[in-house]
Amino acid sequence: MSVHDAAGGAEPPRPALRRGRRLGVDVGDARIGVASCDPDGILATPVETVPGRDVPAALRRLAQITAEYEPIEVVIGLPRSLNGTEGPAAAKVRAFAQGVAKIISPVPVRLVDERMTTVTAAQGLRASGVRSKKGRSVVDQAAAVIILQSALEAERLSGRAPGESIQSSP
């Protein structure tokens, strides 16, 4: 028996999601949140918060996490303003993403729009009783989860890898 929509026609088949674990990364000045998903791309979960002030150390830690989780790609949130333009924060993330791409090559790195993820993560954690002082590192991980979940959903809907590919330059 086929599934029918309200109009009585058959639903179009959903595009297939590429199988494989992915990592989601929320880059901040002080902290970098990292999340992972299961190989079927159903659920993103927090991994850890990496200190972000020492960029070379942060890149090394991300390379270790990548080696441990063996993802098919790493998705990094790109902070855009609400009108879609990119400012200094986006430029910093683009430079950081280049560094990640270089150190984890040949694992692909993609940038995805992350507007409002940290705000959404903080609101969700506050609603569940997590206080902001203690919860800052948890907020970064939760933002990474939201970035990864939205990338998975975008791929599920479009059938294409989400966001924009970052090429590692030699």
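Two strands pair if DSSP finds at least two bridges between them. The model shown in these views is predicted.

**View 1. Strands β2 and β3 form an antiparallel pair.**
Seven bridges join β2 and β3. Strand β2 covers residues 31-37, and β3 covers 44-51. Cys 37 stands opposite Ala 44 of β3. Six residues lie between the two strands of this hairpin. Gly 41 of the hairpin has a positive phi near 70°.

**View 2. The whole chain combines helices and strands.**
Four helices and six strands make up the count for the protein chain. Along the sequence, their pattern is β-β-β-α-β-α-β-α-α-β. The chain has 170 residues, and 39% of them are buried. Now take the contacts between residues at least 6 apart in sequence. Of these, 65% link residues at least 24 apart.

**View 3. Six strands build one open sheet.**
The strand order is β3-β2-β1-β4-β5-β6. Pairing in the sheet is mixed. Strands of a sheet pair through backbone hydrogen bonds, either parallel or antiparallel. Which strands stand at the edges? They are β3 and β6 (164-166). Each has a single partner strand, so one side of each is left without a neighbour in the sheet. On average, neighbouring strands are turned by 30° against each other, direction ignored.

**View 4. Strands β1 and β4 run parallel.**
Strand β1 spans residues 22-27, and strand β4 spans residues 73-78. Four bridges join them. At one of the paired positions, Leu 23 has Val 74 of β4 as its bridge partner. Both Leu 23 and Val 74 are also in contact with Thr 66, a residue of helix α1.

**View 5. Helices α1 and α2 pack against the sheet.**
Helix α1 touches β1, β2, β3 and β4. Its direction makes about 150° with that of β3. Helix α2 lies across β1, β2, β4, β5 (109-113) and β6. It runs at about 170° to β4.

**View 6. Helices α1 and α2 cross at roughly 50°.**
Helix α1 holds residues 55-69, and helix α2 holds residues 88-104. Their axes come within 10 Å. That angle makes α1 oblique to α2. The crossing is right-handed. From α1, the contact is made by Val 55, Ala 58, Leu 59, Arg 60, Leu 62, Ala 63 and Thr 66. From α2 come Phe 96, Gly 99, Val 100, Ile 103 and Ile 104. By class, this contact has nine nonpolar, two polar and one charged residues.

**View 7. Thr 66 is a buried residue of helix α1.**
Why does Thr 66 count as buried? Its relative accessible area is 8%, and buried means under 20%. Neighbours within four places in sequence are set aside here. Thr 66 then contacts Leu 23, Pro 71, Val 74, Ile 104 and Val 107. Ile 104 also belongs to the contact of α1 with α2.

**View 8. Glu 70 has a positive phi in a loop.**
Glu 70 lies between α1 and β4. Its phi is about 50°, although Glu 70 is not a glycine. Is this residue buried or exposed? Glu 70 counts as exposed, at 63% relative accessibility.

**View 9. A cis peptide bond runs from Ser 105 to Pro 106.**
The omega of this bond is near 15°. Ser 105 is in the loop between α2 and β5. Pro 106 is placed in the loop between α2 and β5 as well. Ser 105 is partly exposed, at 43% relative accessibility. Ser 105 and Ala 63 are 42 residues apart along the chain. Their C-alpha atoms are separated by 9.4 Å.

**View 10. Ile 32 is buried in strand β2.**
The relative accessible area of Ile 32 is 1%. Residues up to four places away in sequence are not counted here. Ile 32 touches Val 25, Asp 26, Val 27, Glu 48, Thr 49, Val 50, Pro 51, Gly 52, Ala 58 and Phe 96. Among them, Ala 58 and Phe 96 also take part in the contact between α1 and α2. Ile 32 and Ala 143 are 111 residues apart in sequence. From C-alpha to C-alpha, Ile 32 and Ala 143 are 9.6 Å apart in space.

Methods: Residues are numbered from 1 along each chain as its sequence is written. This is a predicted model: local features need pLDDT of at least 70, side-chain atom pairs count only at pLDDT 80 or more; totals for chains, interfaces and linings use all residues. Side-chain values use heavy atoms; hydrogens and water are left out. Axes are lines fitted to C-alpha atoms, for helices over the stretch in contact, and angles run from 0 to 180 degrees between N-to-C directions. Angles under 35 degrees count as roughly parallel, over 145 as roughly antiparallel, 65 to 115 as roughly perpendicular and the rest as oblique. A crossing is left-handed if the near helix is turned anticlockwise from the far one by less than a right angle, and right-handed if clockwise. Contact means heavy atoms within 4.5 Å. Ala, Val, Leu, Ile, Met, Phe, Trp, Tyr, Cys and Pro count as nonpolar, Asp, Glu, Lys and Arg as charged, and the others, Gly among them, as polar. Buried means under 20% relative accessible area, exposed over 50%, partly exposed in between (1.4 Å probe, protein chains only).
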